[in-house]
Amino acid sequence: MFATPLGDDGAELCPLQPWQAAEFLAHVDRGREFIGRFNGLPDVVTDLSSSRAFLEAYARKEAADAGLIRAIRLDGTLVGAVILRRLDVPQGTAEAGCWLEPAAVGRGLVTRAARLLIDWAIRTRGVHRVEWWVSAGNAPSIAVARRLGMRREAVLRESHLYRGERHDEEIWSVLAPEWTPVPGTPAA
């Protein structure tokens, strides 16, 4: 219910709510090691309580018009998500992010889902600038940023301490005038 198709392969973009915490935890568990290579989600979502708390935090963000989370489903199974970690409509800025479990990799799901999310942020919410922060070692996520038409603006050298190691972070972005709208979606 309330799903947006991502193509003709059974992939959909759907709401992800706190009542789905058990399913979300099972998803994180399936991809814990893979997702955790560059994303701290598996360190935060460790049990049912923390899974619910994570989804409740995004529900509060969405209610406050400050962020959101959407599930990526493949044939009905939760396999990943796209998020707006930050959404500041008055300033016209947002930061998008994503993750997938290993079984869903290589199908273009993140690119398709992120394209819809960014399109919504720009065309419906009036966001002027969408950022994509990524570990410099995360080649698949950098490839998504490129496919989305983003430009790399900066490398923050050793700026992110993650699991005891310092990582370079890249900041990619796209501006509203540069954005290519998703065909078939209504303009704001």
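The following exercises, each with a worked solution, concern a predicted model.

**Exercise 1. The order of the sheet**

Determine the order of the strands in the open sheet, and state which strands stand at its edges.

*Solution.* The open sheet has eight strands, and its pairing is mixed. Read across the sheet, the order is β1-β2-β3-β4-β5-β6-β8-β7. The strands at the edges are β1 and β7. Each of these has a single partner strand, so one side of each is left without a neighbour in the sheet.

**Exercise 2. From β1 to β3**

Describe how strand β2 pairs with β1 and with β3, and follow Glu12 through these pairings.

*Solution.* Begin with β1, which covers residues 4-5, and β2, which covers residues 11-15. These two strands are antiparallel and are joined over two bridges. They form a hairpin with five residues between them. In the turn, Gly7 has a positive phi of about 150°.

Next, consider β3, which comprises residues 68-74. Its pairing with β2 is also in the antiparallel sense, over five bridges. Glu12 can now be placed: Glu12 is the bridge partner of Pro5, and Glu12 also stands opposite Arg73 in β3.

**Exercise 3. The bent helix**

Compare the span of helix α1 with that of a straight helix, locate its bend, and identify what covers its buried residues.

*Solution.* Helix α1 runs over residues 21-35. A straight helix of 15 residues would span 21 Å, yet the end C-alpha atoms of α1 are only 17 Å apart. The helix bends by about 45° at Asp29.

The buried residues of α1 are Ala21, Phe24, Leu25, His27, Val28, Gly31 and Ile35. Helices α2 and α3 and strands β4 and β5 are among the elements that cover them.

**Exercise 4. A glycine in β4**

Establish whether Gly80 is buried or exposed, and list its contacts.

*Solution.* Gly80 lies in strand β4. The cut-off for a buried residue is under 20% relative accessible area. Gly80 counts as buried because its relative accessibility is 0%.

Residues up to four places away in sequence are left out of the contact list. Gly80 then touches His27, Arg70, Ala71, Ile72, Trp99 and Leu100. Of these contacts, His27 is a buried residue of α1. A further relation to α1 is given by Phe24: Gly80 and Phe24 are 56 residues apart in sequence, while their C-alpha atoms are 9.1 Å apart.

**Exercise 5. The surroundings of Ser50**

Determine which backbone atoms lie by the polar side-chain atoms of Ser50.

*Solution.* Ser50 is found in helix α3, residues 48-63. With a relative accessible area of 15%, Ser50 is buried. A polar atom of the side chain of Ser50 lies 2.8 Å from the backbone nitrogen of Thr46. The backbone oxygen of Val44 lies 3.4 Å from a polar atom of that side chain. With residues up to four places away in sequence not counted, Ser50 touches Val44 and Val45.

**Exercise 6. The nonpolar cores**

Identify the residues with the most partners in the largest nonpolar core, and the element that supplies its largest share.

*Solution.* The largest nonpolar core has 37 residues. Ile72, Ile118, Val130, Trp132 and Met150 touch the most other members. At least two residues of this core come from each of β2, β3, β4, β5, α4, β6, α5 and β8. Helix α4 provides the largest share, nine residues. Apart from this core lies another, of 17 residues, including Ala21, Phe24, Val28 and Ile83.

Met150 may be examined in detail. Beyond its neighbours within four places in sequence, Met150 is in contact with Ile118, Val130, Glu131, Trp132, Ala145, Trp172, Ser173 and Val174. Two of these contacts, Val130 and Val174, stand opposite each other, Val174 being in β8. Strands β6 and β8 pair in the antiparallel sense over seven bridges.

**Exercise 7. Positive phi outside glycine**

Locate Asp75 and Arg163, and state the sign of phi at each.

*Solution.* Most residues other than glycine have a negative phi. Asp75, although not a glycine, has a positive phi of about 50°. Asp75 is placed in the loop between β3 and β4, and is exposed, with a relative accessible area of 63%. Arg163 likewise has a positive phi of about 50°. Its place is in the loop between β7 and β8.

Methods
Residues numbered from 1 in each chain as written. Predicted model: local features only at pLDDT ≥ 70, side-chain atom pairs only at ≥ 80, totals over all residues. Heavy atoms only, no water. Pairing = 2+ DSSP bridges. Helix = DSSP H or I, 4+ residues; strand = E, 2+ residues; numbered from the N terminus. Buried < 20%, exposed > 50% of the residue type's maximum accessible area, 1.4 Å probe, protein only. Polar contact = N/O pair within 3.5 Å; in protein donor to acceptor, adjacent residues only side chain to side chain. Contact = heavy atoms within 4.5 Å. Expected span 1.5 Å × (residues − 1). Bend = angle between axes of the 7 residues up to and from the residue. Core = buried A, V, L, I, M, F, W, Y, C linked by side-chain atoms within 4.5 Å.
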